[in-house]
Amino acid sequence: MKSITYLIALLLGVQLIFSGCDDNNYELGQLVTPSNVEVSYEIVGVDSENPYGDGTGVVNFTASADNEITFNYSFGDGKDDKIDADGTISHQFSKTGIVTYNVTVSAIGTGGLSASKTIQVEVYSSFSDDEALELLTGGSSKTWYWAADEEGHIGLGPNFEDPAKTYDQWYSAAAWEKTCMYDAVFVFTKTDDGMTFEQTAGSAFVPGTYAGTLGVTGDLCYGDDVVPSLYGVKNVSFSPASSIATVDGGYRGTSMSFSDEGFMCWYVGQSEFEIIEVTATTLKVRIEEDETYAWYQTLTSIEPGTETAGVDVEYTDLVWSDEFETAGAPDASNWNYDLGAGGWGNGESQTYTSNTENVSVSDGTLKITAKADGSSYTSARLKTQDLFAFTYGRVDVRAKLPVGGGTWPAIWMLGSSITTAGWPACGEMDIMEAIGNNPGYVQCALHTPSSSGATVNMASTTVSDSSDEFHIYSVNWSPDEISFLVDDEVYYTYAPDTKDADTWPFDANQFIILNVAMGGSLGGEIDASFTEATMEIDYVRVYQNID
């Protein structure tokens, strides 16, 4: 792999910034301003076909100057500055695409006198981890906490040998051991530019390994008077992980870096976190304090001690999804349609079509639109029947619901045996149903031979901004129980004491259905002024555990 080295010297028109008082004599006693700054850089992987690098975003810099003591690099990408005594340093730029960065190198001399040089570096980075971003933010904004009730939520091991053999070898925290830090609250938020992080409550815990650097007593909590970067919104960037942990430990292969010296409560002077594992409810990271110590930190999206229910099996392997990234008609390899009218067994008023005005993909979302058509209505009903079905796992659907009296949006599943066993023997799982005449009301339900139609196996919750913001509607289906969630919070679990064909027709494949009905037994009276309303789907994802 070739590299092209660019040498930028001080030529006519290059401006140096001097911190001196005499334009002609830079020596003030023992104070000497650096001069003759030169900077060169090498973009890794540059060749004739890749003029901006190989996509890793790694750039090697070399700086020199006269009368300097050290060099300070500011990379113009929101990440923290780096200081290096000999001027040789590597940096990984992570914003996706070909991006121009203004890199400022300051040569620091005696008494803090400096000369600075700003150059432009144009580099290509192809790395992203969209799944990690969605899991961390929940697609919008998501709150995390210390996994305080888990042994090993903080661990310490050496940073000089295979972490696969040394994880938590030296130290593993007991549940609730660090009493002063568990009020910390962490928020990851999805933005147009990527993701931000903020610690919104709690303190900074400074372990004994790092306390001497700050001149404080170790293993205690401190506020922002000791650690000024404790609070405030930090930009987060993803990059490929390159530590021995990724190579030998079987980790995710992704690191995330926080701007402005950001950190997650556990303060060891580092802002880069290698992701070991991230799921809808768990985040495990590795932090390299220095060449000796590596810390391990575990967070959870369920506040310990407050959960009233949880899922019995956590499914983490993505086996099927539609992200709706291609504009036009929905992907025919994923979806087909139910078409026609007839009330659909519920006295509904709409006719289902596959017309573009009723169903389309644009701007990254699937749009199912119910429309008034004179005195009648049209809409769409998509299904994965005969294309995809599964037994046991988790379904996440990120959706924004329609507005309008009479609308009845639904995200649900039917047993594949519907064509042979019929309903309700096939089993039905209603992941989300909403009622336009009752804004904010969301329900889930199960239909079985033992209870169907006005089933007793149902529950409801309130999602006040369901038509203004996207939320994640989920079902977690195991061999023993079925739980329904909104934004990762369980609000109903079905686990019958006796499982037979009447109570548990949920041991065989089910397929997914998305639709917006009008009127009917749940939609109710249709507003006379109704014209149209749309349910938007950001994604549909199915998780299982692959052995």
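How much space lies in the largest pocket? The answer, in this predicted model, is about 1000 Å³.

**First stop: the largest pocket**

Select D130, L133, D193, G194 and M195, the residues that lie nearest the centre of the largest pocket. The full lining comprises 39 residues. To display the elements around this space, colour α1 (130-137), β14 (185-191), β15 (194-201), β18 (234-240) and β39 (532-544), each of which supplies at least two lining residues. Colouring by residue class then gives 10 nonpolar, 14 polar and 15 charged residues in the lining of the largest pocket.

**Second stop: the second largest pocket**

Next, select K82, S257, Q270, E272 and E288, which lie nearest the centre of the second largest pocket. The volume here is about 870 Å³, and 26 residues form the lining. Strands that each supply at least two of these residues are β8 (88-92), β18, β19 (254-258), β20 (272-278) and β21 (282-288). By class, the lining of the second largest pocket divides into five nonpolar, 10 polar and 11 charged residues.

**Third stop: the disulfide**

Show C180 and C221 as sticks; a disulfide joins them, with an S to S distance of 2.0 Å. The structure holds one disulfide. This pair links distant parts of the chain, 41 residues apart: C180 is in the loop between β13 (171-172) and β14, whereas C221 is in strand β17 (residues 220-222). The torsion about the S-S bond of C180 and C221 is about 75°, and the disulfide is therefore right-handed. C180 counts as partly exposed at 33% relative accessibility, and C221 likewise counts as partly exposed, at 22%.

**Fourth stop: C426 and C444**

Now select C426, which counts as buried at 2% relative accessibility. Why is its sulfur not bonded to that of C444? The sulfur of C444 is the closest cysteine sulfur to that of C426, yet the two are 18 Å apart, too far for a bond. C444 is in no disulfide and counts as buried, at 0% relative accessibility.

**Final stop: strand β33 and its partners**

Extend the selection to strand β33 (residues 441-447), where six of the seven residues are buried. On one side of the pairing list is strand β32 (residues 428-434), which pairs with β33 in the antiparallel sense over five bridges; E428 stands opposite H447 in β33. The hairpin of β32 and β33 has six residues between the strands, and G440 takes a positive phi near 90° there. Strand β34 (residues 458-462) also pairs with β33 in the antiparallel sense, over five bridges. To locate this second pairing, select A445, which stands opposite M458 in β34.

Methods: Residues are numbered from 1 along each chain as its sequence is written. This is a predicted model: local features need pLDDT of at least 70, side-chain atom pairs count only at pLDDT 80 or more; totals for chains, interfaces and linings use all residues. Side-chain values use heavy atoms; hydrogens and water are left out. On a 1 Å grid over the protein atoms alone, a cavity is a set of points where a 1.4 Å probe fits but cannot get out, and a pocket is an open set with protein on both sides within 12 Å along at least five of seven lines; lining residues have an atom within 4 Å of a point. Grid points are joined across faces, edges and corners, and a volume is the space filled by probe spheres set on the points. Helices (H or I, at least four residues) and strands (E, at least two) are DSSP runs, numbered from the N terminus. Ala, Val, Leu, Ile, Met, Phe, Trp, Tyr, Cys and Pro count as nonpolar, Asp, Glu, Lys and Arg as charged, and the others, Gly among them, as polar. Buried means under 20% relative accessible area, exposed over 50%, partly exposed in between (1.4 Å probe, protein chains only). Two strands pair if DSSP finds at least two bridges between them. A disulfide is a pair of cysteine sulfur atoms within 2.5 Å.
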